[in-house]
Amino acid sequence: MYSVDQALERILAAFDRLPAEHVALDDALGRTLAADVRASENLPPFANSSMDGYAVRAEDVAHADRNHGVRLRVVADIPAGTYSARAIGTGEAARIMTGAPMPPGADAVVPVEQTDSPPERFQPGQAAPPSVQILAAPSPGAYVRQAGEDVRAGQVVLDAGRVLRAADLGVLAGLGMAGVDVVRRPRVAIISTGDELLEINEPLAPGK
């Protein structure tokens, strides 16, 4: 008679790693990755705003504060999901929503709460104002999520052998992967044996 641990050791020693199979992301939870996953692109793919506010050139508002605001002309409006090729020049700003790409020329975002623009200006359907007063001095890069800040193209994001969790599936979805290669699940059979057992169609006999 073998103990459970001894039996498991003998079983595991008797077979090799199973081959890979490709499964849809919806079916990958709890499965084991068959190969490293490398990012095909940067995440985020472009520099974008982490706040509702105004994209500016930091040097234009370097001395702005609550008592000495700097007024800028609003020359672009960038809701999330859109892009503006209009470069931001000296004395200019763009109204920008969270997640929207930074316009050329701008290197910082001033949250709407640090301007004289009412938050209602950021409700759907509201037009951007012709100008905005900046009441704080952001440093370059303030409230900007840089391209590749989370994941760099070519980076190994998940290692082979990893058991996929919900968060991992979110990463794969963010990389645009609808499916993934995982190790095929084993097919397991439980077989009862013993001298007292009969085939199902055999009649019972003494001791059976």
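How many salt bridges does a search of the whole structure find? The search finds nine. The structure is a predicted model, and a few of these bridges, together with one helix, make a good starting point for a reader meeting it here.

One of the bridges joins the side chains of Arg57 and Asp60, with N and O 3.1 Å apart. Both partners are buried: Arg57 has a relative accessible area of 17%, and Asp60 has one of 18%. These values count as buried because the cut-off for that class is under 20% relative accessible area. Arg57 and Asp60 also belong to a network that includes Glu59, the three residues being joined by salt bridges that share partners.

A second bridge connects two strands. Glu92 pairs with Arg73, and their closest N and O atoms lie 2.8 Å apart. Glu92 belongs to strand β6 (residues 92-96) and Arg73 to strand β5 (residues 70-78), so that the pair, 19 residues apart, links distant parts of the chain. Are the two partners buried or exposed? Glu92 is buried, at 9% relative accessible area, while Arg73 is partly exposed, at 47%.

A third bridge leads to the helix. Here the side chains of Arg162 and Asp168 meet, at 2.9 Å from N to O. Arg162 is partly exposed, with a relative accessible area of 30%, whereas Asp168 is buried, with a relative accessibility of 3%.

Asp168 lies in helix α2, which spans residues 166-174, and is buried there along with Leu169 and Leu172. Why can these buried residues be said to line one face of the helix? Viewed down the axis of α2, they fall within an arc of 100 degrees, and therefore they line one face. The other side of α2 holds Ala166 and Ala167, both of which are exposed.

What do the buried residues of α2 pack against? Their neighbours are three strands: β2 (37-38), β10 (156-158) and β11 (179-183). Asp168 thus brings two parts of the picture together, as a buried residue of α2 and as the salt-bridge partner of Arg162. Beyond the helix comes Gly176, a residue with a positive phi, near 80 degrees.

Methods:
Residues numbered from 1 in each chain as written. Predicted model: local features only at pLDDT ≥ 70, side-chain atom pairs only at ≥ 80, totals over all residues. Heavy atoms only, no water. Buried < 20%, exposed > 50% of the residue type's maximum accessible area, 1.4 Å probe, protein only. Helix = DSSP H or I, 4+ residues; strand = E, 2+ residues; numbered from the N terminus. Arc of directions from axis to C-beta. Contact = heavy atoms within 4.5 Å. Salt bridge = Lys/Arg side-chain N within 4 Å of Asp/Glu carboxyl O.
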